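Got the viewer open? Load the model below, keep the selection box handy, and follow along stop by stop.

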Amino acid sequence: MNPHPHAPAPAATVGEAIHGYKTLRVEPLPEIHAVFYELVHPLTGTRHIHIGRPDRENAFGVVFKTVPRDSTGVAHILEHVVLCGSERFPVRDPFFSMLKRSLSTFMNAFTASDWTMYPFATQNRKDFFNLMDVYLDAAFFPKIEELSFKQEGHRLEIGPDDAGNERLECKGVVYNEMKGAMSSPDQILARSLLKALYPDTTYAHNSGGEPADIPSLTYAQLKAFHRRHYHPSNAYFFTYGDLPLAESLAFIEKTVLRRFEAIDPDTDVLPQPRWDGPRTAAFAYPFGRGEDPAKKHQACVAWLTSDVRDTQHVLCLSLLEQILIGNAGSPLRKALIDSGLGSALCDGSGYDAENRDTHFTVGLKDVARAAADDVERIIFDVIRGLVANGIDPELIESAIHQLEFHRREITNTPYPYGIRLLLAVSSTWIHGGDPLRVLKFDADLAEIRRRMAQGRFFEQQLTHAFLDNPHRLRLTLSPDPDMAEREARREREKLEHLRRELGADAVEQLRRDADALRRLQEADEPLDCLPTLEREDIPPDVEKITEAEADPRRPVSYFEQATSGIAYVAAAADCSGLPEPLIGWVPFFCHAFSRMGTARRNYSEMARRIDAFTGGVGLSANPRTGFGDSGRCLPLVALTSKSLVRNLDPMFDILAELLGESVFSDAGRLKTLLLEYRAGLEAMIVHNGHRLAMSLAARRFSRARALSEDWSGIHQLKDVKRLLEDLSDERLAGLASDLARVGATVWDRSRFQMAVIGERDAVARAGDLVASTLNAIGPGTAESLAGPENGFPGDRLREGWSTESAVNFVAAAFPTVRLEHTDSAALAVMAKLLRSLYLHREIREKGGAYGGFALYNSEDGVFSLASYRDPHIAATLNVFDGAFGFLRAGGFSETDIKEAILQVCSEIDKPDPPGPAARKAFFRRVIGLSDEIRERFKQRLIGLRRREVTAVAERYFGVGLSQCSVAVIGSEEKLREANAKLPEALELYKI
C-alpha cells in the first residue's frame with residue numbers, strides 16, 4: 001500500500017474510445033486521492049470500472065452474475081472447477097500453481113448468493129499481467145473436465161467400512177466444505193433467513209450447496225451453467241492501482257473479448273414480491289449431546305427493505321443500523337442485551353445490502369425456546385418509543401461520524417484496499433445501480449441532512465422500514481441434539497440403498513473412475529506453460545518504517561505517516577507481573593476493558609462517547625516471544641485506538657479515562673459480557689478449527705504457545721464455560737475484584753510503551769496530549785510471572801476434542817528453531833513445499849478436505865501440519881506421517897525451491913497502509929524484532945538452494961509423526977472411529 005497525497009492525472013476522457021471500450025464517466029474521488037472510470041465494451045456489452053490511485057498494490061477482479069435455481073451448489077462447484085485447468089494453461093490446478101509462481105498479496109475466488117468473483121492483488125507489474133492471463137483463461141476458457149467435477153464437486157467411491165466390507169462413500173471438496181459450513185449455527189441461520197425471507201427468488205437457494213442436494217448436480221448442468229453465466233455480456237471487470245488503464249483494457253480485449261459477441265444471459269434477478277402480512281419460520285441446527293439445549297435457541301425479526309439500487313435509502317438504512325445497534329449504548333442493542341434473555345445479538349444481526357432487495361435483521365442468541373415473543377416485543381417497543389419520543393441527535397451525529405471515519409480510512413483488512421472497493425460496489429453494480437454513488441455518497445448524505453433539517457427524518461424512516469413494513473419474518477433457530485446423527489443416518493441409508501441398486505458394471509465403472517482420478521492427481525503436469533516470476537523479481541530489502549525523534553521524557557514513539565487525516569495510537573503493556581491466579585483473566589479483561597464503563601460514565605455512555613469521537617478503542621492479549629539473547633515470553637496487553645485528527649483531544653481524554661478510571665463492579669453488565677464472550681469463543685470453533693487444533697498441539701513447546709492456548713484457545717473456552725456453570729453473585733464479585741487487580745497490575749508506567757502515528761501536525765499536537773494518558777497509569781507493583789501449569793519443552797500429546805461438527809480439523813506440531821537461526825529460511829520454504837507438492841494433493845484433491853496446511857511459526861520455532869473441514873482423521877494423520885519421508889526423499893527441484901521462496905516473500909512483502917504499517921513497526925520494536933533480523937532472514941531466503949533445504953530436512957524431519965504432538969477437533973463419533981484405526985489412540989476430551 002503506497003498512497004500519495006494527490007490523485008493521478010486522468011487516464012481517459014468521457015466519450016474516448018480505448019481498445020474497443022467507450023469511456024462513459026470519469027469522476028474524481030478526492031477523499032481517497034483517486035479517479036473513477038466507468039467503461040463499456042459495445043461489441044460484447046461487458047462493463048469495466050477502473051479506480052486509478054497512486055498505490056503500487058494493484059488489484060483486478062472479474063465478477064459474474066450467477067443465479068442458481070436450486071441448492072445443488074452449481075455456482076460454487078463451478079468456481080472450483082474452472083480453476084482446474086484451461087485452454088492455454090491445461091494443468092490440474094493453475095490457480096494453486098500460480099500461488100507458487102507469483103508475488104501476489106491476495107489470490108482467491110468467492111461465491112456469493114448472486115455473483116461469483118475472481119480477484120487478485122499484487123505489487124509487481126509483471127506479476128499483475130501474469131495473473132490476469134491465467135485468471136481470464138480459467139474463467140472464460142476452462143476445460144471443465146468430468147474428473148475435475150468429480151474431484152471438486154461430488155463423486156461416489158467404493159471403500160471399506162470398519163468391518164472390512166465394501167461400502168459406498170460420497171466425496172468431493174465442495175461437498176465436504178459445505179458439510180462443515182452447514183454445521184455452523186451462523187451459517188444455518190443466514191441461509192435459513194434467505195430461504196424464508198426471499199422464497200420466490202434465487203436467494204431461496206443455497207448458492208454454496210446443501211450437502212443433501214449437491215449429489216444431484218450433473219456434469220451437463222455444470223457445463224450449461226458456465227455457458228450462460230461466464231460470458232462477457234454477463235461480466236463486470238474491475239482494476240485498481242497505479243498501472244495504466246489502457247494496458248489492462250488492451251490485454252482483456254486481446255485475450256478474451258475479441259472472441260465473443262453480445263448475448264442476453266438472462267441473469268436479471270427480479271425483486272421479491274412483497275408480502276401483505278408478517279410470517280414466521282423455524283429451523284434447527286446440530287447441537288452436541290450431553291449439553292443443555294434449553295437456552296441455546298436464536299430468535300430474530302427480519303424485514304425486507306430497500307432495492308439495493310436506491311443508494312440514498314441504502315445509506316439511510318446503514319445509518320439506522322449504527323443508530324439502533326452500532327454500539328453497546330445503542331437503544332435497540334442495549335434493550336435486547338439488558339433484557340437478560342440472551343447472551344448476544346443473534347448471528348447475522350444488522351443491515352445487509354448484498355442482495356437485489358436488502359434486509360435488516362435483529363434478535364438474540366442463547367435464548368429459551370419461549371423467548372421469541374419477548375424478543376419481538378422488545379424490538380417493537382424500542383422502535384415505537386424512538387418514533388414517539390424522537391432519536392437522540394447525538395446518536396445520529398455519531399452514526400454519521402462512523403460513516404465518515406470508515407470512508408476516509410485506508411485499510412487492507414481483511415482484504416487489500418482495491419479488493420475492498422470492488423466488494424463495496426459489486427452488489428449495486430451487477431443489479432444495474434450506480435457504483436459511483438456507493439463510493440461518492442456526498443449527494444445522498446447531503447439530501448439526508450436536508451431532510452433531517454425539516455424534522456423527524458429518521459423517525460419517519462423507522463416507521464416506513466419497520467413499523468409499517470408488512471414484509472417481516474420472525475425466525476427461530478433451535479438446537480437439535482439428534483440432527484447430526486439423523487443426517488448421518490440419512491446419508492448412510494441413502495448410500496446403502498444406492499449400493500444395493502448398483503449392478504456389477506456400475507461398481508466397476510466407479511472403480512475405473514476412482515483409478516482415473518487418482519492417476520490424474522498423481523500425474524506430472526506441464527507447469528512450464530504457466531507464467532512465473534524469478535528470484536531477481538524479488539526486492540531484496542524489507543519495508544522499514546522510520547520513527548520520528550523520540551520524546552526523552554516519556555515512553556512514547558512518534559511516526560510521521562500519510563494517514564489521510566487519521567491519527568493512530570498503539571500501546572503495549574508487559575503483564576508479566578501478574579500473580580498466577582490472575583493470568584487466565586487477561587483476555588476477558590481485554591474484552592471487558594472498554595465495555596464496562598468508568599467511575600464517571602456507565603458502559604452505555606462510554607460506548608456512545610467512543611463511537612462519537614473515535615474509530616474504535618481495542619485491547620487484546622498477545623503472548624509473544626522476544627528476540628535477542630533472552631528469548632523470553634512477553635505476555636503483552638496491546639492497546640489500539642484511532643480517530644480523525646479533529647478528534648485527537650477527546651480520543652486522548654477517552655484513553656485516559658479508561659486507563660485510570662475503569663470499573664468492573666456492575667455485576668449485571670459483567671455477566672452480560674461473560675455470556676457474550678463465551679458466545680464469541682464458541683462461534684470460532686467451526687470457522688477456525690484448524691488454528692485451534694494447531695494451538696492445542698503446540699502448547700507444550702514454549703511458554704508463549706502455552707499462554708496463547710490458555711488465552712485464546714479451547715482451554716480459554718473451557719475456563720469460561722466452567723465459570724458460567726455457577727455464576728453466583730459472590731463469584732461475580734470475586735471476578736470484578738480480580739479484573740480490577742489485573743488492571744492495577746497491567747497499567748504500570750515502567751512496563752508501558754506507546755506510539756502515536758499520523759501526519760506531522762497531528763503528531764506534534766499529540767505530543768502535548770499523551771501526558772494525560774500516561775498520568776492515568778499507576779506505578780504498579782511487579783511480581784514474577786509464574787509458569788503455566790503445562791511444562792515444556794513438553795511431553796508429546798495426542799488428543800481428540802469433540803464438538804458438533806460434520807467434518808474434522810486435524811493438526812500435528814513439533815519444535816524446531818526460531819527466526820534468527822540459520823535454518824529458519826529453509827524451514828519456511830519447507831512449509832510451502834509441503835503444502836504445494838504434497839498436502840494439497842493428498843489432503844484436498846485425494847482426501848476431499850477443503851484444505852491442507854503446513855506452517856512454520858518463526859517467532860516460536862514451531863512447525864505445524866493441519867487440515868481444514870476434513871472428512872478424515874486417521875487417513876490424514878497417515879498423510880502427515882508421510883510428509884516427513886516426502887521431505888527427506890528430496891523429491892523437489894530448484895524450481896520448486898524458487899517457487900516456495902516466492903510464496904514466503906509474498907507474505908513478507910505484503911504491504912500495509914501507512915498507519916497500520918507504523919503500528920506493526922512499533923510492536924516489532926517492543927518484541928525486539930529489528931529490521932536487521934528481518935532483512936538477514938530475507939536475504940538468506942532468497943539465496944537458498946536445494947542442497948541446503950535437503951540438509952535441513954534431514955535435521956528436522958527424521959523424527960516422523962510418532963514424535964509430534966497431535967490434536968484433532970471433530971465429532972465424538974468420528975474421533976472414536978479414528979481411535980479404532982490408529983496404532984496409538986487419542987485421549988478424548990469434550991469441548
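A word on residue classes before the first stop: Ala, Val, Leu, Ile, Met, Phe, Trp, Tyr, Cys and Pro count as nonpolar, Asp, Glu, Lys and Arg as charged, and the others, Gly among them, as polar. This is a predicted model, where local features need pLDDT of at least 70 and side-chain atom pairs count only at pLDDT 80 or more, while totals for chains, interfaces and linings use all residues. Residues are numbered from 1 along each chain as its sequence is written, and side-chain values use heavy atoms, with hydrogens and water left out. Element names follow DSSP runs numbered from the N terminus: helices are H or I with at least four residues, strands are E with at least two.

**Stop 1: the largest cavity**

Select Pro185, Tyr285, Phe287, Glu682 and Ala683, the residues that lie nearest the centre of the largest cavity, out of 27 that line it. (A cavity is a set of points, on a 1 Å grid over the protein atoms alone, where a 1.4 Å probe fits but cannot get out; lining residues have an atom within 4 Å of a point.) Its volume is about 500 Å³, where volume means the space filled by probe spheres set on the points, with grid points joined across faces, edges and corners. The structure holds four cavities of 30 Å³ or more.

Now colour the walls. Two or more lining residues come from each of helix H6 (185-197), strand E12 (279-286), strand E13 (297-307), strand E16 (357-367), H23 and helix H26 (714-724). H23 gives the largest share, five residues. Colour the lining by class and you should get 10 nonpolar, seven polar and 10 charged residues.

**Stop 2: along H23 to H24**

Stay on H23 (667-687) and add H24 (689-698): their axes come within 5 Å and cross at roughly 100°. (Axes are lines fitted to C-alpha atoms, for helices over the stretch in contact, and angles run from 0 to 180 degrees between N-to-C directions.) The two helices are therefore roughly perpendicular, a label for angles of 65 to 115 degrees; under 35 is roughly parallel, over 145 roughly antiparallel, and the rest oblique.

Which residues in H23 meet H24? Show Met684, Ile685, Val686 and His687 on the H23 side, with Gly689, His690 and Leu692 across from them in H24. Contact here means heavy atoms within 4.5 Å. By class, this contact has four nonpolar, three polar and no charged residues.

**Stop 3: a five-strand sheet**

Next, pick out the open sheet with the order E18-E22-E19-E21-E20, whose pairing is mixed. (Two strands pair if DSSP finds at least two bridges between them.) E18 (556-560) and E20 (617-625) are at the edges with a single partner strand each, so one side of each has no neighbour in the sheet. From one strand to the next, the twist averages 20°.

Zoom in on E20 and E21 (633-644), an antiparallel pair with nine bridges. Val617 sits opposite Ser641 in E21. Then bring in helix H12 (393-408), which lies across E19 (566-574) and E21 and runs at about 110° to E21.

Before leaving H12, look at the loop between H12 and helix H13 (417-430), where you will find Pro414. The peptide bond from Thr413 to Pro414 is cis, with omega near 0°.

**Stop 4: a six-strand sheet**

Jump to the open sheet ordered E25-E26-E24-E27-E23-E28, also with mixed pairing. E25 (851-857) and E28 (987-990) are the edge strands, pairing on one side only. Twist averages 15° from strand to strand.

Highlight E23 (798-802) and E27 (965-970), which run parallel and are joined by five bridges. Arg798 has Val966 in E27 as its bridge partner. Helix H36 (972-981) packs on this sheet, touching E23, E27 and E28, and its direction makes about 150° with that of E23.

**Stop 5: two hairpins**

Finish with E1 (17-18) and E2 (21-29), antiparallel over two bridges. Ala17 has Lys22 in E2 as its bridge partner. Two residues separate the strands of this hairpin, and His19 takes a positive phi near 50° there.

From E2, carry on to E3 (34-41), which pairs with E2 in the antiparallel sense over seven bridges. Check Val26: its bridge partner in E3 is Tyr37. Four residues lie between E2 and E3 in their hairpin, and His33 in the turn has a positive phi of about 55°.

Conventions
On a 1 Å grid over the protein atoms alone, a cavity is a set of points where a 1.4 Å probe fits but cannot get out, and a pocket is an open set with protein on both sides within 12 Å along at least five of seven lines; lining residues have an atom within 4 Å of a point.
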